[in-house]
Amino acid sequence: MSMFIAGCNQVNPNNDRSVLSNERFPVPIALTDADIKWFRSFGVSWIFSESGSPSLVLPGLTLETQAKLYSGNDDARSLLDRFERVFTTFTVYASLTPGVYSIDANGIVGELPDGFPASAKFELTQTHMDLMRQAWWREGFIDYKYPYGSYKYYEADMATKLGEEVPRNSLTGVFELSELNQQKYQRLHKELLFALLVFVKYAEIEAGKYQLPVDGWKNPLFRLSPPTKQQVESYIMKAIELKVLFSKGQGDKVIDWMKLNQDLSKIID
């Protein structure tokens, strides 16, 4: 059972979440044992487009057939709704630690990225975890054009997000990573395919009720360490405050909402 249920009396003295009623998850949702078992059966696939990126794949589907769900019928929409609910619960509340993990090649759907060998074991490092947190997640996949959100030169983006000083050309302002560093970051990026598979198979979570980001996976986040009860309660209070602000024609509905979710994504030791 979960300790992360945000109680209305603590979150809002007036017990009023009605301002959140049009959001995806205005109240805590149930994660069942069946949901957890279903998530464990997900595969992962590499998106061969632009910079490339890893994606989750629903059981029995390919990337191509999964994409067709978005233009499907009510049954397809229901499946995507469950995908959003379960994926988002795992990304916010599941725990994962560095270590060496066994991986099953059957979990890889489609071809591996170029120059990336199959393996029966994978060492998940703190660097992989930091990159998973920093990556620009979409609906179950990392954005394949701007994987880390800032630059199309994603290797420089990775280096910057990991705290490395990246030199720039004094005339053009273009990032200048050495060939060796480019190769290092390209490999790290590809390794997130295996890191995501490790997350699917080994991230720890219990069935229970969980408050999700109220806008679901619109501004998704990866924590790999669950937020505290106080963080969740603070998040809901601020979400209510933002919605009230928006109703008065104030605030930025894009930037303010992203900042709020980023606050929830921060890891507090």
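Student: Leaving aside neighbours within four places in sequence, which residues is Phe 90 in contact with?
Tutor: The model is a predicted one. Phe 90 is listed among the residues with the most contacts inside the largest nonpolar core. With its neighbours within four places in sequence set aside, Phe 90 is in contact with Leu 31, Ile 36, Phe 39, Arg 40, Phe 199, Ala 203 and Ile 205.

Student: How many residues does the largest nonpolar core have?
Tutor: The residues with the most contacts inside this core are Phe 39, Leu 56, Phe 83, Phe 90 and Phe 199. Two of these names, Phe 39 and Phe 199, also appear among the contacts of Phe 90. The number of residues in the core is 73.

Student: Which helix gives the most to this core?
Tutor: The core in question is the largest nonpolar one, with 73 residues. The helix that gives the most to it contributes 11 residues, and that helix is H7.

Student: Where is the kink in H7 centred?
Tutor: Helix H7 covers residues 179-202 and has 24 residues. From its first C-alpha to its last it reaches 34 Å, close to the 34 Å expected at 1.5 Å a residue. There is nevertheless a kink of about 30° in H7, and its centre is Leu 193.

Student: What span should H8 have at 1.5 Å a residue?
Tutor: H8 has 19 residues. Its end C-alpha atoms are 27 Å apart, which agrees with the expected value of 27 Å.

Student: Which residue with a positive phi follows H8?
Tutor: H8 takes in residues 229-247. The residue that follows has a phi near 75° and is Gly 249.

Student: Which side chain meets that of Glu 23 in a salt bridge?
Tutor: Glu 23 is in the loop between helix H1 and strand E1, and its partner is in helix H8, 220 residues apart. Both members of the pair are buried. The N to O distance is 2.9 Å, and the partner is Lys 243.

Student: How many salt bridges does the structure hold?
Tutor: Side chains of opposite charge can pair when their charged atoms come close. The pair of Glu 23 and Lys 243 is a salt bridge, as is the pair of Arg 77 and Asp 81. The structure holds 11.

Student: Is Arg 77 buried or partly exposed, and why?
Tutor: Arg 77 meets Asp 81 in a salt bridge at 3.2 Å, N to O. The two lie four residues apart in helix H4, about one turn of the helix. Asp 81 has 28% relative accessibility and so counts as partly exposed. Because its relative accessibility is 39%, Arg 77 counts as partly exposed.

Student: How far apart are the closest N and O atoms of Arg 133 and Asp 130?
Tutor: Both residues lie in helix H5, three residues apart, about one turn of the helix. Arg 133 is partly exposed at 24% relative accessibility, and Asp 130 is partly exposed at 27%. The closest N and O atoms of their salt bridge are apart by 3.3 Å.

Student: Why is strand E2 described as largely enclosed by the rest of the structure?
Tutor: Gly 43, Ser 45 and Ile 47 point one way from E2, while Val 44 and Trp 46 point the other way. Residues on both sides are buried. E2 is largely enclosed because the number of its five residues that are buried is five.

Student: Which residue of E3 stands opposite Ser 45?
Tutor: E2 and E3 run antiparallel and are joined by five bridges. They form a hairpin with five residues between them. Opposite Ser 45 stands Ser 55.

Student: What is the phi of Glu 50?
Tutor: Glu 50 is found in the loop between E2 and E3. At 48% relative accessibility, Glu 50 counts as partly exposed. Its phi is positive, in a residue other than glycine, and is near 50°.

Student: Is Leu 224 buried or exposed?
Tutor: Leu 224 is found in the loop between strand E6 and H8. Its phi is near 70°, a positive value in a residue other than glycine. Its relative accessibility is 2%, so Leu 224 counts as buried.

Student: Which residue stands opposite Val 100 in E5?
Tutor: Strand E4 and E5 run antiparallel, joined by four bridges. Along E5, Phe 122 and Leu 124 point to one face and are buried, while Lys 121 and Glu 123 point to the other and are not. The residue opposite Val 100 is Glu 123.

Terms used: Residues are numbered from 1 along each chain as its sequence is written. This is a predicted model: local features need pLDDT of at least 70, side-chain atom pairs count only at pLDDT 80 or more; totals for chains, interfaces and linings use all residues. Side-chain values use heavy atoms; hydrogens and water are left out. A salt bridge is a side-chain nitrogen of Lys or Arg within 4 Å of a carboxyl oxygen of Asp or Glu. Buried means under 20% relative accessible area, exposed over 50%, partly exposed in between (1.4 Å probe, protein chains only). The expected span of a helix is 1.5 Å times one less than its number of residues. The bend at a residue is the angle between axes fitted to the seven residues ending there and the seven starting there. Two strands pair if DSSP finds at least two bridges between them. A nonpolar core is a set of buried Ala, Val, Leu, Ile, Met, Phe, Trp, Tyr and Cys residues joined through side-chain atoms within 4.5 Å. Contact means heavy atoms within 4.5 Å.
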